[in-house]
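Let's go through a few spots in this one together. Have the sequence and the 3D view open as you read.

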Amino acid sequence: MTNRLPILVILATVTIDAMGIGLIIPVMPDLIGEVMGGDLADAAIWGGILATVFAVMQFLCGPLLGNLSDRYGRRRVLLVSLAVMSADYVIMALANSMWLLVVGRIIAGITAATYATALAYMADISKPEDKAKAFGLIGAGIGIGFVLGPALGGILAQFGTRAPFWAAAFLAGGNALLGWFVLKETVTEANRRAFEWRRANPLGALEALGRLPSMSKLLVVFFLYQVAAAVYPAIWPYFIIERFGWGEGMIGLSLTAYGLCYAIVQATLIGPTVKWMGNRRTVVIGLTLEVVALVYLGIIDTGLLLFIGIPIAALSTVGLPALQGIMSRRVSDDSQGELQGISSSLTSLAHIVAPLVMTQTFAYFSSDHAILYLPGAPFLLAALLMVFSIVVFQNSRGGK
């Protein structure tokens, strides 16, 4: 990673993208309630539906954009995605019905390939031994975004549920303009690959798993991890309100605390941990800590305990960049975009399933007719999935 400026621009891209997401999380329960009425459980279910719509579109379009970036370049895909994303936030800011919110999430899902393309860009400019560190920097950028986004979202929420969407539109548009002037293309004739529809459609991308037999178990682990980790965005604001009775400001503060810890872990610990323990041991450590953090969150009953557990949850994220580093080293340079497309498809599949399951679990265990009142039940379900991912990973082969 010798060219600093492109790295800074890519990190700014994922940071601002994450800020846009974090900006709106604190207001989503109130926004859904404002648009369609109902109680918190109903808002959580609709939140799950909106998240699933987003993931369906990401699943359908992620491989397409990943392969387009292999053919036409990362820069074009990033800039167009950011510009459309800015327009999408405007739609969300103006939405006064559920169908407009659904349309907004459809567009957001289409543009969500920015993350996969950013990973491919970093893979392009990184040496094989530096790939895990590069992916860790991407994670750090996302973490910084989650530090700034929720904090700003909590502040802007005081001016209404729509204010964070306008801010997100401004940030995405501004980043697209910045990228236009400073982002350089990394796809050259040496690593350009012809576009093929069979690789670009989501089913074709999943069929590519058959061409990567050495990675099948790693991709299963990746998928299980994504399903389990999706519990955080799926239920966090609803869990916070139900369990602790907090408002938008405290929701934003809790997400900011997590994002700060996450950014520190991703920026400072990934490289040294992988160098000291290797990729595989780092993955095992990360997955084990995920189990501990999820069980802890599932059973706590005070806000103080939540803040005590946030550093543990952030520390557990050391495993994912190491896993991505193992996968990236097993494919050729001209297939990095395709790999990220496959990863995007699996992530989208996970986010199609997880929000519905997690929000339905939350709605049941926080209702009056539940056999046990346990709003943290989705976290415990996610912990079980993490345990299974550890078993699968321990039975995978190769990789350091």
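Q: Is Ile251 buried or exposed?
A: Keep in mind that this is a predicted model. Ile251 sits in helix H13, which covers residues 248-268. Buried means under 20% relative accessible area, and Ile251 comes in at 1% relative accessibility, so it counts as buried.

Q: Which residues does Ile251 touch, leaving out those up to four places away in sequence?
A: One partner, Ile241, is 10 residues apart from Ile251 in sequence, with 8.1 Å between their C-alpha atoms. The full set for Ile251 is Pro26, Trp236, Pro237, Ile240 and Ile241.

Q: What span should helix H5 have, and how far apart are its end C-alpha atoms?
A: H5 runs over residues 98-111, which makes 14 residues. At 1.5 Å a residue the expected span is 20 Å, and the model agrees because the end C-alpha atoms of H5 are apart by 20 Å.

Q: Which residues of H5 are buried?
A: The cut-off here is again under 20% relative accessible area. By that rule, the buried ones in H5 are Met98, Leu100, Leu101, Gly104, Arg105, Ala108, Gly109 and Thr111.

Q: How are H14 and H16 oriented to each other?
A: Helix H14 (residues 270-299) packs with helix H16 (residues 319-329) at about 95 degrees, and their axes are 8 Å apart. Angles of 65 to 115 degrees count as roughly perpendicular. So H14 and H16 are roughly perpendicular.

Q: How many nonpolar, polar and charged residues make up the contact of H14 with H16?
A: H14 brings residues including Ile270, Val274 and Arg280, while H16 brings Pro321, Leu323 and Arg329, among others. By class, that contact has 7 nonpolar, 4 polar and 2 charged residues.

Notes. Residues are numbered from 1 along each chain as its sequence is written. This is a predicted model: local features need pLDDT of at least 70, side-chain atom pairs count only at pLDDT 80 or more; totals for chains, interfaces and linings use all residues. Side-chain values use heavy atoms; hydrogens and water are left out. Helices (H or I, at least four residues) and strands (E, at least two) are DSSP runs, numbered from the N terminus. Buried means under 20% relative accessible area, exposed over 50%, partly exposed in between (1.4 Å probe, protein chains only). Contact means heavy atoms within 4.5 Å. The expected span of a helix is 1.5 Å times one less than its number of residues. Axes are lines fitted to C-alpha atoms, for helices over the stretch in contact, and angles run from 0 to 180 degrees between N-to-C directions. Angles under 35 degrees count as roughly parallel, over 145 as roughly antiparallel, 65 to 115 as roughly perpendicular and the rest as oblique. Ala, Val, Leu, Ile, Met, Phe, Trp, Tyr, Cys and Pro count as nonpolar, Asp, Glu, Lys and Arg as charged, and the others, Gly among them, as polar.
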